[in-house]
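Colleague: Could you walk me through this model step by step, so that I can follow how its helices are described?

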Amino acid sequence: MRTYLSAALIVLVALLVPASAVAYWADRELGNADRYTAAMSPLASDPAVQEVVVTQTGRALAGQIDAGPFQGGVDALIGEALRSFAGTPAYRTAWDAANRAAHASFLRALTTGDGDAVTLDLAPVIAQVKGELVADGVPFADRIPETHLSVKVMEYENLGALRKAFRMLQIAGVWLPVLTVVLAVTAVAVALHRRRAVIATGIGLAVGALLLWIATALCRRLTLDDLPDDTDRAAAAAVYDALTTFLRTTAWVVLAIGLAAALSAWLAGRLRRTP
């Protein structure tokens, strides 16, 4: 019975590894404004994301200035200024501010039920561009009006279900990983042959890590396939990868820990048998 109990606990540990990682990720990564902004911050330098921002902002500003016969030239100057601005520290600051605001709207939607999508307001980027153009003496730049351009980051159909799921993940964010560790230790403690149990538990952790990696990759594919046809796939993939960096890193760390524990226990047994 002790052997069967240990085996059952090891299987449970393998299944809880991906669930624990996702719960912790939802609570401490998605639920935290600083960590969310830090995760999205590197995208400011991603070429695909920059191209989407430049294109969308350029379209929003096109025709906003009444420059008469010089309209085409002014629009071209704005486009060039946007591409140049996309590589500056001021752009990264504006990008972080926009993402922090998007995170606030996401949490507000989950708590109040308002809205049906998470949007990224590029108004800080546009304001920075206007300031750069005015400082460079670009004609008519001071006529650019205050423009709020919203780009959808996430769209949801059933907000009630999403709110409940997110709340459950937040509650389990700390306790589920702790429970997984406790069950792993218990699986070894109740086993009749503890060295073998350590090997099996290490393999169970490795299997759980592989399940987490597979689930993350599968969700990536499903998410990208479900996007509208006019969505930039490269930019969307970059956003998904940035948000799930923690999950992929966790999968590799748990895999390494599990294999190291199993290998160490196996080597310890071999050394004992060596005369």
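Modeller: H1 passes H8 in a right-handed crossing, meaning that the near helix is turned clockwise from the far one by less than a right angle. This is a predicted model, in which local features need pLDDT of at least 70 and side-chain atom pairs count only at pLDDT 80 or more, while totals for chains, interfaces and linings use all residues. Residues are numbered from 1 along each chain as its sequence is written, and side-chain values use heavy atoms, with hydrogens and water left out.

Colleague: At roughly what angle do the axes of H1 and H8 cross?

Modeller: Axes here are lines fitted to C-alpha atoms, for helices over the stretch in contact, and angles run from 0 to 180 degrees between N-to-C directions. The helices are DSSP runs (H or I, at least four residues), and strands are runs of E with at least two, numbered from the N terminus. H1 (residues 2-30) and H8 (residues 194-225) are therefore roughly parallel to each other, a term for angles under 35 degrees. Their axes come within 8 Å and cross at roughly 30°.

Colleague: How far does H8 reach from its first C-alpha to its last?

Modeller: The expected span of a helix is 1.5 Å times one less than its number of residues. H8 has 32 residues, for which 46 Å is expected, and its reach is close to that, at 46 Å.

Colleague: Which residues of H6 are buried?

Modeller: Helix H6 covers residues 123-135, and a residue counts as buried under 20% relative accessible area and as exposed over 50%, with partly exposed in between (1.4 Å probe, protein chains only). The face of H6 turned away from its buried side carries the exposed residues Ala127 and Ala135. The buried ones are Ala123, Val125, Ile126, Val129 and Leu133.

Colleague: Why are those buried residues on the same side of H6?

Modeller: An α-helix has 3.6 residues a turn, so residues three or four places apart point the same way. The arc is taken from the directions from the helix axis to the C-beta atoms. The buried residues of H6 lie on the same side because they cover an arc of only 155°.

Colleague: Which residues of H3 and H9 make the contact between these helices?

Modeller: The axes of H3 (residues 47-61) and H9 (residues 233-243) come within 8 Å and cross at roughly 120°. H3 passes H9 in a left-handed crossing, with the near helix turned anticlockwise from the far one by less than a right angle. The contact (heavy atoms within 4.5 Å) is made by Ala48, Val49 and Val52 of H3 and Ala234, Ala235 and Ala238 of H9.

How values were computed:
Angles under 35 degrees count as roughly parallel, over 145 as roughly antiparallel, 65 to 115 as roughly perpendicular and the rest as oblique.
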